[in-house]
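User: I am new to this structure and would like a close look at one part of it, the enclosed spaces inside and the residues around them. Could you walk me through that part and then show me a few notable spots elsewhere?

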Amino acid sequence: MEATNAYAQDHGHDHPTGLMRWITTTNHKDIGTLYLWFSFIMLLAGGCLALLIRAELFQPGLQIVTPEFFNQLTTLHGLIMVFGAIMPAMVGFANWQVPMMIGAPDMAFPRMNNWSFWLLPVAAIMLVSSFFVPGGASAGGWTMYPPLFLQGGISNDMTIFAVHILGISSIMGAINIVTTILNMRAPGMTLMKMPLFVWTWLITAYLLIAVMPVLAGTVTMLLTDRHFGTNFFNAAGGGDPVMFQHIFWFFGHPEVYIMILPAFGIISQIIPAFARKPLFGYASMVYATASIAILSFIVWAHHMFTTGMPTSAQLFFMYATMLIAVPTGVKVFNWVATMWRGSMTFETPMLFAIGFVCLFTIGGFTGLVCAITPVDIQIQDTYYVVAHFHYVLVSGSLYAIFAGVYFWLPKWTGHMYNEKLGKLHFWLSTIFFNVLFFPMHFLGLAGMPRRIPDYALQFADFNALATVGAFGFGLSQLILLVGVIKCIKGGEKAAGRTWEGADSLEWTHLPSPPPYHSFVTPPVVK
């Protein structure tokens, strides 16, 4: 950056200001901010679609939207939340924090960094505008399964093109992150001295580079089936729709870990900070993260137990899926061990981190339930699965994002956020989140299928409860917006060491388990 600034001064170029500053910026902090704001706008957009879905399901019978439009809402809600809200937020954190954590002046490729961001709004506009073309948005679900996706109008092509652009953005961001971490660390910072957030992003970036081309390939095959007479997935021409599921989930399962591994990194920075203790088992956390990433490639067909695969394959994918719970369990154990006997305080970031550990663990257990083949055959495509993955992605990824925002806002803005607002945001979110998603476990076990606009009368009470929870949870997110804007505009000035010795970097390199530290009075030996 200094070189660029010097060049600009020598050649009489002024720094762009206002809107042009944000469009042309190559500064990793500005680009991180752009990613985070974009992701919040997409979170609100995807959230509004979810509220429409829940409003329709408030009671049986058609109320608000037609069945066709209901299916369009589920498709766009899924795509927007995965590719528009969770992933860009994590990349925003990477842009802000990774260079600072490893002592680099900026990202390795600042201009590519700018480009990889500006592809996102283009893709988002294309996705959302598919609502307004003839025939409406794609009704084929966010997984884009044929044969349904082989029919339909231009909206399906717009969805495919948007997914391509999102994939290009992700690959460029990942290449940038890998290059930055491997080539631009400060002298003396070996890989095993990096903060865990940097480690999780290094592994995540490799996952992105590995699986994004798989998604690009399979949606391209869909496109050629639709327009160029190929028959990859068209059963009438000798193709196989189930092959699409294999290729899609070979991307889709690592994708789940792309959304959760950076969240693990954020939580691994926050818990040691507020426990005033180094992270328990640093090396085992690194190995567990790498294990999860590697295992994520061999479990994809647990999404497909009902497609008629042979028993031997069902057994393999069942056991492989259960195996992935082991390194995840190691992480949860280490977080709890870090909190054990720590001098804990419960500011907003720590509340969200503890909420993450508790609720994400519920999501992990229901995932283990889904891994058991005979059980999964019963609950496949029911609301049990919806409950499971929302516990993983909302109280998992999204809670970690909230925790990270509150944790680093003072560093980013120079001002403290309003602690009362933050705690209100946490408690309302947590209560309404559970009111929204916990009843879905019971709905699924009772046999209510997902992606349906209408249902039998016996499911009415739990659905009404879930809808109340949905509106409560959605409105609670406006508290975050108010808190962040107040923090940016001013407020109490952040101290040099915001969390009073809880600055995460201070504790990263100490041995673990720790000796008695200054916050705990050692026992008196008589």
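Analyst: Happy to help; what follows starts with the cavities, moves on to the aromatic rings, and ends with some individual residues.

First, a word on the source: this is a predicted model, in which local features need pLDDT of at least 70, side-chain atom pairs count only at pLDDT 80 or more, and totals for chains, interfaces and linings use all residues. Residues are numbered from 1 along each chain as its sequence is written, and side-chain values use heavy atoms, with hydrogens and water left out.

Now to the spaces inside. Rolling a probe the size of a water molecule over the atoms shows where empty space is left. Here a cavity is a set of points, on a 1 Å grid over the protein atoms alone, where a 1.4 Å probe fits but cannot get out, and its lining residues have an atom within 4 Å of a point. Grid points are joined across faces, edges and corners, and the volume is the space filled by probe spheres set on the points. Counted this way, there are 2 cavities of 30 Å³ or more.

The largest cavity holds about 100 Å³ of space. Its lining is made up of Tyr35, Phe83, Met87, Pro88, Val91, Leu120, Leu166, Ser169, Ser170, Gly173 and Leu208. At least two of the lining residues come from helix H4 (67–102), and at least two from helix H6 (154–183); helices here are DSSP runs (H or I, at least four residues), numbered from the N terminus. By class, this lining has 8 nonpolar residues, 3 polar ones and no charged ones. In this scheme Ala, Val, Leu, Ile, Met, Phe, Trp, Tyr, Cys and Pro count as nonpolar, Asp, Glu, Lys and Arg as charged, and the others, Gly among them, as polar.

The second largest cavity holds about 40 Å³. Around it you will find Phe38, Met42, Leu79, Ile80, Phe83, Gly84, Leu120, Ala123, Ala124, Leu127 and Leu166. Helix H3 (28–56), H4 and helix H5 (110–129) each give two or more residues to this lining. Its residues divide into 10 nonpolar, 1 polar and no charged. Phe83, Leu120 and Leu166 appear in both linings.

Phe38, from that second lining, also leads us to the aromatic rings. A pair of aromatic rings is described by the distance of the centres and the angle of the planes. Rings of Phe, Tyr and Trp (its six-membered ring) pair if their centres lie within 6.5 Å; planes under 30 degrees apart count as stacked, over 60 as edge-to-face and the rest as tilted. The count comes to 46 aromatic pairs. In one of them, the ring centres of Phe38 and Phe117 are 6.0 Å apart and the planes stand at 90 degrees, so this pair is edge-to-face. Phe38 sits in helix H3 and Phe117 in helix H5, 79 residues apart, and the pair links these distant parts of the chain. Both residues are buried, which means under 20% relative accessible area, with exposed over 50% and partly exposed in between (1.4 Å probe, protein chains only). Phe117 also forms an edge-to-face pair with Trp118, at 4.9 Å centre to centre and 75 degrees between the planes. Phe117 has a relative accessible area of 4%, whereas Trp118 is partly exposed at 29%.

Next, look at the loop between H5 and H6, where Pro147 lies. Most residues other than glycine have a negative phi, and most peptide bonds are trans. Pro146 and Pro147 are joined by a cis peptide bond, with omega about 5 degrees. Met144 lies in this loop between H5 and H6 too, and has a positive phi of about 60 degrees although it is not a glycine. Met144 is buried, with a relative accessible area of 1%.

Asp381 also has a positive phi, near 60 degrees. You can find Asp381 in the loop between helix H13 (373–379) and helix H14 (383–413), and at 39% relative accessibility it counts as partly exposed.

One last stop is His425, in helix H15 (residues 419–445). His425 is buried, with a relative accessible area of 0%. Its side chain makes a polar contact with the side chain of Gln477 at 2.8 Å. A polar contact is a pair of N or O atoms within 3.5 Å; within protein, one must be able to donate a hydrogen and the other to accept it, and residues adjacent in sequence count only if both atoms are side-chain atoms.

Note on methods:
On a 1 Å grid over the protein atoms alone, a cavity is a set of points where a 1.4 Å probe fits but cannot get out, and a pocket is an open set with protein on both sides within 12 Å along at least five of seven lines; lining residues have an atom within 4 Å of a point.
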